[in-house]
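Reader: I would like a close look at a single part of this model, the contact between the two chains, with the residues that carry it and the surroundings that go with it. Please take it slowly and keep to what the coordinates support.

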Amino acid sequence: MGCGTSSSVKDKKSETALKAALVIQNWYRGRSAQLKTRQRYALTIFQSIEYADEQGQLQLSNFFSFMLENYTRVLEEDSELVTHLLGSNIQDKDRRDYLGLIDVPDSYCGPRLQFPLTFTDIDLLIEAFKQQQILHAYYVLEVLFETKKLLQRMPNFTHTKTSPSKEITICGDLHGKLDDLFLIYSKNGLPSVSNPYVFNGDFVDRGKNSMEILMILFVSFLVYPNDLHLNRGNHEDFMMNKRYGFTKEVLNKYKLHGKKILQILEDVYTWLPIGTIIDNEILVVHGGISESTDLNLLHRIERNKFKSVLMPPVPIDGDRATEKENKVGTTSTARGIRTNGSLSEQLTKHEWDQVIDILWSDPRGKRGCYPNTSRGGGCYFGPDITSRILNKYRLKMLIRSHECKPEGYEICHDGKVITVFSASNYYEEGSNRGAYIRVSSGTPPRFFQYQMTSATCLRPLYQRVNAVESSAIRMLKERMISRKTDLIRAFQLQDCSKSGKLSVGQWAFSMENVLGLSLPWRSLSSRLVTTDKDGNIDYMSSFQDIHIQKPVKEVQPTLIETVYRYRSDLQIIFNVIDSDHSGLISMEEFRSMWKLFTSYYSVCIDDSQLDELAERMDLNKDGSIDFNEFLKAFYVVHKFDKLNKSDTTVA
Amino acid sequence: MADDRSREGTETAVAEFHKKIKEAFEVFDHESNNTVDVREIGTIIRSLGCCPSEGELHDLIAEVEEEEPTGYIRFEKFLPVMTEVLLERRYRPIPEDILLRAFEVLDPAKHGFLSKEELIKYMTEEGEPFSQEEMEEMLSAAIDPESNSVHYKDYITMMVIDEN
């Protein structure tokens with residue numbers, strides 16, 4: 001009894017409460033950090049795979065060059081294919097002819113645009129798209145024709161000015177995420193003379209509303225051509241669209257006129273400006289720069305000649321070209337390939353490289369300029385390059401997009417480079433925030449972040465992280481299964497005692513080498529393989545719960561794996577051969593294509609195996625193959641998974 | 001002989017630790033220049049399985065910071081310090097039963113749950129207080145919305161299962 005005792009009891013009580021609180025806080029912070037790390041790992045996985053795919057994409061570009069040089073027989077006979085590969089020109093008279101043929105029935109209850117467009121049309125479209133309506137092909141085409149006409153009058157770089165009372169808003173990649181565009185317009189206001197915008201490329205692909213985004217942006221542009229600025233991104237490229245989903249979206253939504261829309265779009269893309277320069281201080285381009293970036297040159301080039309990243313300038317044999325330039329508008333390249341365009345239809349290699357750098361490069365901390373090996377095109381540029389180029393042209397800052405950032409934006413190179421990315425939840429629900437920037441002369445840029453949430457996204461952190469993580473791991477496992485044979489061979493090489501086990505270090509080494517993905521393998525191992533009590537890895541355990549569905553029995557696993565691994569590339573190649581978009585190619589075309597493909601990619605496939613496969617795929621027995629069906633037949637089965645079909649391909 | 005083998009064992013262990021630390025570091029090295037923002041060091045250390053208190057974390061940061069703090073931590077300084085931490089098995093995580101007992105201490109009447117207000121009070125006023133963001137995040141997972149309280153035993157079980 002007495003004050004001393006009671007206060008010491010109180011002290012003891014509060015000391016214990018203090019200790020207890022410390023324990024809980026400590027545990028919680030540890031847990032929280034692990035969740036955040038897992039989320040980061042998931043993002044790293046998504047990003048590595050995405051860039052590896054892009055690298056594959058650019059390898060495809062070299063393949064097309066290879067094909068053009070070697071596939072002479074087909075090319076000489078099928079000039080349509082050549083035209084398609086080298087791009088085509090849509091004459092304006094096509095427009096009147098075509099639009100005249102399209103009828104908008106009275107029964108159509110979607111939005112009807114009134115030309116010339118006004119801001120009410122922007123509202124109209126937004127309301128309609130919110131109700132999931134589809135804009136009729138007639139209006140789509142009209143918008144595209146008008147947009148092209150207007151874009152043709154714009155210079156390669158848009159120059160614009162701000163003032164303290166008039167800020168400009170810069171948005172990054174949207175990739176078909178319509179909800180994010182709605183959110184931006186709602187939070188930041190619709191574009192207008194007093195509320196200008198720059199949209200920094202990659203409006204399309206991946207998300208499921210690329211068409212709607214494009215329509216809203218183009219209509220906004222047509223209404224406010226001096227205040228709504230569009231920069232071309234690397235996905236504003238008809239070849240990229242074939243692989244990354246936009247082509248599919250268009251053909252699905254517009255069964256009758258989709259092909260025409262795609263054709264016009266090809267052209268519209270090439271007229272998008274390369275960049276925007278604000279207050280002569282801020283350069284806004286989609287990707288970045290390189291040590292050789294020459295803004296003066298870029299201001300001068302004929303930007304519409306850059307058709308696609310997959311169509312680099314075809315090497316022309318100088319002497320023979322002048323010799324054979326007899327027929328009007330025809331030139332012969334080496335080995336007698338006739339092209340439908342002339343020499344002047346292409347950019348020079350130097351000009352072409354300049355554009356690639358602008359659309360594909362990424363900033364990095366390392367000084368200097370290096371080829372961008374993870375994407376396969378453009379370069380990595382360091383802070384010294386940024387300083388040098390900005391100084392050279394008396395600019396203060398570079399704002400770019402092209403890379404997904406967890407917070408929607410990121411500042412680097414000492415504040416001189418800002419990345420802004422506007423597609424929230426880009427890889428998966430909960431993967432990242434989106435952001436936009438508001439700038440005006442004399443004030444530092446202001447950043448605004450957001451994240452589209454659905455009801456399920458108001459879940460606690462650990463559930464969201466679980467979802468993102470399992471999605472990433474799933475993608476990674478599919479990657480592994482597509483290289484199963486090579487992986488097992490690499491593992492076995494190291495497993496001298498044939499025990500089926502490897503050390504973590506050995507396993508990580510093989511994984512990185514075979515898959516070509518630079519990932520934190522040790523940290524991911526618990527999610528990919530089983531480890532025994534000695535810490536050794538049972539390397540076959542990854543393959544136990546996952547396999548590729550065999551479309552046909554008695555076909556070698558290697559063939560299955562190869563087709564599965566290259567299915568995106570094959571999709572593009574088939575799409576290119578199938579110039580009338582019928583979905584069918586002939587057996588002969590299939591075989592020739594496959595031969596070239598396997599020789600270029602050094603894939604060893606027994607011809608007879610492939611023949612057998614093709615025969616079985618020819619379901620109509622009419623000598624043609626429905627290649628979409630062919631490719632769909634190769635999907636990955638996850639044994640313990642509700643979803644049986646792999647839908648994590650990039651489209 | 002035994003010494004050689006154990007030395008070799010330690011060397012391999014150290015090599016593996018180095019790789020693990022590098023992996024964890026690289027994930028947060030956004031500019032690929034072997035530095036991370038000092039504000040992410042806590043996350044990195046914890047992701048490697050250690051559970052330092054905030055105070056211990058501050059001491060660690062002081063060890064790896066530059067003499068004139070730049071806001072960035074370089075890998076060259078981080079690696080040796082972190083390797084020691086792992087080798088010495090410092091800052092071991094809290095076992096489940098201790099965690100449970102901690103909650104029970106805060107619930108002397110043995111209700112089996114803490115009210116939302118109680119939890120907030122303890123977490124934001126005692127020990128090394130939570131920030132508002134940390135508090136909200138914890139509540140989002142821990143609170144049973146119907147009773148507006150935290151049934152801590154269930155909460156712990158759920159978190160532990162999820163971890164594995």
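Author: What follows begins with the contact between the chains, and then moves to the core, the salt bridges and a few buried places.

The model is predicted, and every value below is computed from it. The contact takes 43 residues from chain A and 43 residues from chain B, and together the two chains bury about 4000 Å², of which 60% is on carbon and sulfur atoms. The size of an interface is often given as the accessible area lost when the parts come together. On the polar side of the account, there are 16 residue pairs in polar contact between chain A and chain B, counting pairs with both residues at pLDDT 80 or more. The elements of chain A that give two or more residues to the side touching chain B are α1 (3-70), β13 (409-412), α16 (461-481), α18 (504-515) and α19 (521-528). Of these, α1(A) provides the largest share of that side, with 25 residues.

Five salt bridges are found across the interface of chain A and chain B. One pairs Arg29(A) with Glu54(B), whose side chains meet with an N to O distance of 3.8 Å. Another links Glu137(B) to Lys36(A), where the closest N and O atoms are 3.9 Å apart. Glu137(B) lies in helix α7 (residues 132-142) of chain B and Lys36(A) in helix α1 of chain A, so this pair joins two chains. Its two partners are covered to unequal degrees, since Glu137(B) counts as buried at 19% relative accessibility, while Lys36(A), at 35%, counts as partly exposed.

The nonpolar packing can be read alongside the contact. The largest nonpolar core has 68 residues, and those touching the most other members are Leu476(A), Trp507(A), Met511(A), Trp521(A), Leu528(A), Phe78(B) and Met82(B), a list that names residues of chain A and of chain B. Setting aside residues up to four places away in sequence, Met511(A) touches Met480(A), Leu487(A), Phe491(A), Gly516(A), Trp521(A) and Leu528(A). A second, separate core of 61 residues includes Ala137(A), Val140(A), Val219(A) and Leu265(A).

For chain B there is also an annotation to set beside the model. In an unreviewed entry, UniProt lists "domain: EF-hand" for residues 16-51 and 94-129 of chain B. In the model, residues 16-51 of chain B are 53% helix and 8% strand, with end C-alpha atoms 20 Å apart, and residues 94-129 of chain B are 58% helix and 6% strand, with end C-alpha atoms 18 Å apart.

Beyond the interface, the search of the whole structure finds 32 salt bridges over all chains. Glu403(A) and Arg400(A) form one with closest N and O atoms 2.8 Å apart, and both of these residues are buried. They belong to a network of salt bridges that links Asp362(A), Arg364(A), Arg400(A), Glu403(A), Lys405(A) and Glu410(A). In chain B, the side chains of Glu88(B) and Arg90(B) meet at 2.9 Å, N to O; here Glu88(B) is partly exposed at 44% relative accessibility, and Arg90(B) is partly exposed at 27%.

As for the rest of chain A, it has 24 helices and 23 strands, and buried residues make up 59% of its 651 residues. Among its contacts with a separation of 6 or more, 74% are between residues 24 or more positions apart. Val439(A), in strand β15 (residues 434-440) of chain A, illustrates such contacts: this residue is buried, with a relative accessible area of 4%, and touches residues including Thr162(A), Ile170(A), Ile278(A) and Ile399(A). The C-alpha atoms of Val439(A) and Pro164(A), which are 275 residues apart along the chain, are separated by 9.1 Å.

Thr270(A), in helix α11 (residues 258-270) of chain A, is buried with a relative accessible area of 1%. A polar atom of the Thr270(A) side chain lies 2.6 Å from the backbone oxygen of Asp267(A), and, leaving aside neighbours within four places in sequence, Thr270(A) is in contact with Arg232(A), Arg303(A), Asn304(A), Phe306(A) and Lys307(A).

Conventions: Residues are numbered from 1 along each chain as its sequence is written. Chains are lettered from A and ligands numbered from 1 in the order in which they are written. This is a predicted model: local features need pLDDT of at least 70, side-chain atom pairs count only at pLDDT 80 or more; totals for chains, interfaces and linings use all residues. Side-chain values use heavy atoms; hydrogens and water are left out. A nonpolar core is a set of buried Ala, Val, Leu, Ile, Met, Phe, Trp, Tyr and Cys residues joined through side-chain atoms within 4.5 Å. Buried means under 20% relative accessible area, exposed over 50%, partly exposed in between (1.4 Å probe, protein chains only). Contact means heavy atoms within 4.5 Å. UniProt positions are given in the numbering used here, feature names are shortened, and annotations may be inferred rather than shown by experiment. Buried area is the accessible area (1.4 Å probe) that two parts lose on being put together, summed over both. A salt bridge is a side-chain nitrogen of Lys or Arg within 4 Å of a carboxyl oxygen of Asp or Glu. A polar contact is a pair of N or O atoms within 3.5 Å; within protein, one must be able to donate a hydrogen and the other to accept it, and residues adjacent in sequence count only if both atoms are side-chain atoms.
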